[in-house]
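Here are my notes on the model you sent, set out as numbered points that can be followed with the structure open alongside.

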Amino acid sequence: MKISIYIFSVFLLLLQAPNLKAQELESAETSDASPDKSASQLDSFHQIRLGIDVSKLTLNYFQSTKKAVEFSIDYYHKKEQYYVLEGGWGGSKINYPDLNYQSQNSFLRFGFDKSMYKRKQPRDWGMAFFGLRYGLAFVQRDIASYTTNDGLGNSTQGSIAAKNSTLHWLEFCGGMKLELFPGCFSGWTVRAKILMNQKTMGDYCGLRTG
């Protein structure tokens, strides 16, 4: 199985929605409780974060042949572990001298992130993390037209029928999320992806015939 690396340089987390009670929060931050009790208090607070990949939006502005939007939702469960749901959609236009087609796609990823250090305060949601995802993508390619040359000056034109494909993969990731100001985060993620059905991808591109 082929492993490739993808880096999403910056994503901005827009909304923090912690389920907090003011009196409990004040007590957790000021009490001299035992370590076990403190851990229990930290895990009594939960948070939902919504985010969008700003790097994708920036590239959309400069690229005319590729478009993509990606969002994320994470939920703090306990013991510095977050459940994560990510998704998005996009498309591309391939217009080479010998190949021309358009494609659209949408995808979902779900899994978890694990913070590499323990929070000291209930409001401390910044993190350095590692995680695991399962990804599922639905890809549509329009009719592709191509031109081949036999090296003797003779060219042949043809087309490949439109194709819909489903791809799935495993993804290992790591990164950081820093709180810029209350409720607003910024960070980066490095991803290593293992495509689990490479033959399907080859068939989708029209590069395999058997």
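1. I begin with one pair of residues, since it is easily found on screen: Lys66 has Ser92 as its bridge partner in E4. Please keep in mind throughout that this is a predicted model, and that what follows describes the model as it stands.

2. The pair just named belongs to the pairing of E3 with strand E4 (residues 81-96), in which the two strands run antiparallel and are joined over 12 bridges. These strands form a hairpin with 2 residues between them, and Lys79, which lies in the turn, has a positive phi of about 55°.

3. Strand E3 (residues 66-78) also pairs with strand E2 (residues 48-52), again in the antiparallel sense, and here the pairing extends over 5 bridges. A convenient place to check the register of this pairing is Ile48, whose bridge partner in E3 is Tyr75.

4. Later in the chain, strand E9 (residues 163-181) pairs with strand E6 (residues 127-141) in the antiparallel sense over 15 bridges, and within this pairing Leu132 has Phe172 of E9 as its bridge partner.

5. E9 is also joined to strand E10 (residues 184-195), the two running antiparallel with 12 bridges between them, and Glu171 finds its bridge partner in E10 at Lys193. E9 and E10 form a hairpin with 2 residues between the strands, where Gly183 takes a positive phi near 90°.

6. Which residues of helix H3 are buried? In this helix, which spans residues 54-62, they are Ser55, Lys56 and Asn60. Seen down the axis of H3, the buried residues fall within an arc of 145°, and they therefore line one face of the helix. Tyr61 and Phe62, by contrast, are exposed on the other side of H3, and you may wish to view the two sets of side chains together.

7. Turning to the chain as a whole, there are 4 helices and 10 strands, and their order from the N terminus is β-α-α-β-α-β-β-β-β-β-β-β-β-α.

8. Of the 210 residues in the chain, 33% are buried, while the chain exposes about 12,700 Å², with carbon and sulfur atoms supplying 60% of that area. As for how the contacts are spread along the sequence, among those between residues at least 6 apart, 64% join residues at least 24 apart.

Notes: Residues are numbered from 1 along each chain as its sequence is written. This is a predicted model: local features need pLDDT of at least 70, side-chain atom pairs count only at pLDDT 80 or more; totals for chains, interfaces and linings use all residues. Side-chain values use heavy atoms; hydrogens and water are left out. Buried means under 20% relative accessible area, exposed over 50%, partly exposed in between (1.4 Å probe, protein chains only). Contact means heavy atoms within 4.5 Å. Accessible areas come from the Shrake-Rupley method with a 1.4 Å probe; for residues, only the protein chains shown count as cover. The arc is that of the directions from the helix axis to the C-beta atoms. Two strands pair if DSSP finds at least two bridges between them.
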